[in-house]
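Grab your viewer and work through these exercises one at a time. Each task is followed by a solution in small steps.

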Amino acid sequence: MSEVTDARRVTSTTSPTLGEIWSQNRNAVLGFLAVTIALVVVTFYRSFKDIYHHWNLPESLYSHALLIPPISLFFVWRLRASLRTTEVAPSPWGYLVLGMGCCMLLLGDFLGFMTVVHLSLLPVLTGLCLIFLGSAQVQKLWFPLGFLFFMIPMPYSLTSGISFQSKMIATESAVAIGQFLTLHMVQDGSYVYLGTEDRLLVGDVCGGMRSLVALLAFGALMAYVSKTTWWAKLLILLVSPAIAILANVTRIFFLCVVGYVWGSETATGLVHDISGIGIFAVAFALLFSAEAILRKIAPQRDEGESKS
């Protein structure tokens, strides 16, 4: 008799799963979800508008960011079966995380620092999920939530400095390769002198920041879906910026060679645009190759194999 009573107590104290809540109160869940989304959209309307504006600038580093929200939603949909069977146990820590996000929102808006306002979206969404879904659900949603970070534009004061240093390092490396191959190339700031008279200007667009930002996001995505061990996933994430820098050095060296042989006007024309697309494709191919190699070296073990 006591065993039956204990079983009833356990059953009564067990939190309902998301699937049970959905089946019993579907209309209420949909209404609550609609209200919550509306409040978030109204609160962050100016932030969303500013983010979208940065995505569509002519020299934007975040033209790829239009894909970030749909990708996050796709992984939420992909986790739907697991989320339905996971208990919903609201966590009081959500109020702390939500409060931190609200403080970031207010402080960023007061100081006019829109990057802080944009970043506040992440703790606000995480806090809401903790409050209404619980920590077990958030543990499953960590990547769709965290991946949204890659859609937020960083301030120009930060990216311009990094882009300039990246451009100078890539140019120095390209010139060093040319000199090693006995090509008469001399660097003077952003200019590369080719031979005796001609020179090639390495512009800010050749800093490689666009490919660096895009490959960091893609590297994070690949690391998440890769069937490798945790250290291999981390290595995939770390190697993505290295591949972006290597690809940029290769592109600048290629343009220097084109300018050396056929003149700088040829290197800055159609060849410049085509090389950007080609090197970007090569960088993605290198990242895929690195993941394939790591998948063979450090494959992810199944739960059955790890237990045995």
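**Exercise 1. Is Asp-109 buried, partly exposed or exposed?**

Some ground rules before the solution. This is a predicted model, where local features need pLDDT of at least 70 and side-chain atom pairs count only at pLDDT 80 or more, while totals for chains, interfaces and linings use all residues. Residues are numbered from 1 along each chain as its sequence is written, and side-chain values use heavy atoms, with hydrogens and water left out.

Step 1: get the cut-offs. Buried means under 20% relative accessible area, exposed means over 50%, and partly exposed is in between (1.4 Å probe, protein chains only).

Step 2: apply them. Asp-109 has a relative accessible area of 41%, so partly exposed is the label.

**Exercise 2. Find the salt bridges, and say where the partners sit.**

Step 1: set the criterion. A salt bridge is a side-chain nitrogen of Lys or Arg within 4 Å of a carboxyl oxygen of Asp or Glu. Searching the whole structure with that turns up 2 salt bridges.

Step 2: take the pair with Asp-109. Its partner is Arg-46, and the closest N and O atoms are 2.1 Å apart. Arg-46 belongs to helix α4 and Asp-109 to helix α7, so this pair ties together parts that are 63 residues apart in sequence. The helix labels come from DSSP runs numbered from the N terminus (helices are H or I, at least four residues; strands are E, at least two). Arg-46 is at 49% relative accessibility, so it counts as partly exposed.

Step 3: take the other pair. Glu-291 bridges to Arg-295, with 2.6 Å between the closest N and O atoms. Both are in helix α16, 4 residues apart, which is about one turn of the helix. Glu-291 is buried at 7% relative accessibility, whereas Arg-295 is partly exposed at 39%.

**Exercise 3. How do the axes of α5 and α13 run relative to each other, and which residues make the contact?**

Step 1: fit the axes. They are lines through C-alpha atoms, for helices over the stretch in contact, and angles run from 0 to 180 degrees between N-to-C directions. The axes of α5 (residues 68-78) and α13 (residues 209-225) come within 12 Å and cross at roughly 10°.

Step 2: classify the angle. Under 35 degrees counts as roughly parallel, over 145 as roughly antiparallel, 65 to 115 as roughly perpendicular, and the rest as oblique. The two helices are therefore roughly parallel to each other.

Step 3: list the contact (heavy atoms within 4.5 Å). On α5, Ile-68, Ile-71, Phe-75 and Arg-78 take part, and on α13, Ala-217, Leu-221, Tyr-224 and Val-225 do.

Step 4: sort by class. Ala, Val, Leu, Ile, Met, Phe, Trp, Tyr, Cys and Pro count as nonpolar, Asp, Glu, Lys and Arg as charged, and the others, Gly among them, as polar. That gives 7 nonpolar, no polar and 1 charged residues.

**Exercise 4. Which element gives the most residues to the largest nonpolar core?**

Step 1: define the core. A nonpolar core is a set of buried Ala, Val, Leu, Ile, Met, Phe, Trp, Tyr and Cys residues joined through side-chain atoms within 4.5 Å.

Step 2: size it up. The largest one has 44 residues, and Ile-68, Met-151 and Leu-215 have the most contacts inside it. Elements giving two or more residues include α4, α5, α7 and α16.

Step 3: pick the winner. That's α13, with 9 residues.

Step 4: zoom in on Leu-215. Not counting residues up to four places away in sequence, Leu-215 touches Ser-240, Ile-243, Ala-244, Ala-283, Phe-284 and Leu-287.

Step 5: look for another core. A second, separate one has 16 residues, among them Met-185, Val-192, Cys-206 and Val-258.

**Exercise 5. Compare the surroundings of Thr-171 and Thr-182.**

Step 1: Thr-171 lies in helix α12 and is buried, with a relative accessible area of 1%. Leaving aside neighbours within four places in sequence, Thr-171 is in contact with Gln-187, Val-192, Val-202 and Ile-252.

Step 2: Thr-182 is in the loop between α12 and β1 and counts as exposed at 70% relative accessibility. Check the backbone too: phi of Thr-182 is near 65°, a positive value in a residue other than glycine.
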